[in-house]
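User: I should like to go through this structure in a series of questions, with the reasoning set out for each answer. Please begin with the helical part and then proceed to the core and the sheet.

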Amino acid sequence: MLITICEDEPLVAEQLQRMIEDMFPALRVQLVTCRTELEAAEQAAIYLFDIELEQDNGLALAKDIRSAQPNAQILFVTAHAQYVFEAFDAEPLHYLVKPVEQKKLQSVLQRAIDKCEEPVRTFTVTIGTETNVFDEAALYFAEAHGRKVSLHFADKVVTYYGRLSQLEQ
């Protein structure tokens, strides 16, 4: 399993990396400092974001990850407690304030790992002759207009003929 740490202070990033590698030797850790590096990096299961980055905003990066990877586990590790309420927009698993206690980090990371290992819940919808499988966590909401059902996701809306009651099953 891969963890990405998005932190622009090298000493802090390396300290977090060492802590994680010591606690969870089976995990791989990659370090990035900005959006460009994040976009070029391998997709991770767990992300740790600082909020105030030299070149970027960790809140915005986390929201983008949430849209692209609805099942990703997002944690904020920051010295800025004042952003805690804004952070909810990215639906993080946790918000840690620096300096981070190793025991707390271990507990939160274990929760993130456990969530990553849970099976992904999906649902199927037949549209015409094609059966489509969708990630339940990626669905924002569904609505019906007459015989048409619209499924709203972060990046698209899928519309088909059917009933909401079929979707609920």
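User: What end-to-end distance should helix α1 span, and what is found in the model?

Analyst: The model is a predicted one. Helix α1 covers residues 10-23, which makes 14 residues. At 1.5 Å a residue the expected span is 20 Å, and the end C-alpha atoms agree with this because their separation is 20 Å.

User: How are the buried residues of α1 placed around the axis, and what arc do they cover?

Analyst: The buried residues of α1 are V12, A13, L16, Q17, M19, I20 and M23. They lie on the same side of α1, because the arc they cover around the axis is only 165°.

User: Which residues of α1 are exposed on the other side?

Analyst: Exposed here means over 50% relative accessible area. On the side of α1 opposite the buried residues, the exposed ones are P10, L11 and D22.

User: Which elements cover the buried residues of α1?

Analyst: The cover includes strands from several parts of the chain: β1 (2-6), β2 (28-32), β3 (46-49) and β4 (73-78). A helix also takes part in this cover, namely α5 (102-117).

User: Which residues have the most contacts inside the largest nonpolar core, and which elements give two or more residues to this core?

Analyst: In soluble globular proteins, nonpolar side chains tend to be buried together. The largest nonpolar core in this model has 22 residues, and those with the most contacts inside it are I3, I20, I46, L48, L105 and L109. The elements that give two or more residues to this core are β1, α1, β3, β4 and α5.

User: Which residues does L105 touch, leaving out those up to four places away in sequence?

Analyst: L105 is one of the residues with the most contacts inside the largest nonpolar core. With residues up to four places away in sequence not counted, L105 touches L16, M19, I20, M23, L48, L96 and V100.

User: How many residues does the other core have?

Analyst: Another core lies apart from the largest one. Among its residues are L2, L53, L61 and Y83, and the number of residues in this core is 20.

User: In what order do the three strands of the open sheet lie, and which are the edge strands?

Analyst: The pairing in this open sheet is antiparallel, and the order of the strands is β8-β9-β10. An edge strand pairs on one side only, and this is the case for β8 (139-145) and β10 (157-161).

User: How many bridges does β9 form with β8, and how many with β10?

Analyst: Strand β9 comprises residues 148-153. Its antiparallel pairing with β10 extends over five bridges. With β8, which also runs antiparallel to β9, the number of bridges is six.

User: Which residues stand opposite S150 in the two pairings?

Analyst: On the β8 side, S150 is the bridge partner of E143. On the β10 side, S150 stands opposite T159. The two residues are therefore E143 and T159.

User: How many residues lie between the strands of each hairpin?

Analyst: The hairpin of β8 and β9 has two residues between its strands, and G146 in that turn has a positive phi of about 65°. For the hairpin of β9 and β10, the number of residues between the strands is three.

User: Is β9 mostly covered or mostly exposed?

Analyst: Buried means under 20% relative accessible area. Five of the six residues of β9 are buried, and the strand is mostly covered.

Note on methods:
Residues are numbered from 1 along each chain as its sequence is written. This is a predicted model: local features need pLDDT of at least 70, side-chain atom pairs count only at pLDDT 80 or more; totals for chains, interfaces and linings use all residues. Side-chain values use heavy atoms; hydrogens and water are left out. Two strands pair if DSSP finds at least two bridges between them. Helices (H or I, at least four residues) and strands (E, at least two) are DSSP runs, numbered from the N terminus. The expected span of a helix is 1.5 Å times one less than its number of residues. Buried means under 20% relative accessible area, exposed over 50%, partly exposed in between (1.4 Å probe, protein chains only). The arc is that of the directions from the helix axis to the C-beta atoms. Contact means heavy atoms within 4.5 Å. A nonpolar core is a set of buried Ala, Val, Leu, Ile, Met, Phe, Trp, Tyr and Cys residues joined through side-chain atoms within 4.5 Å.
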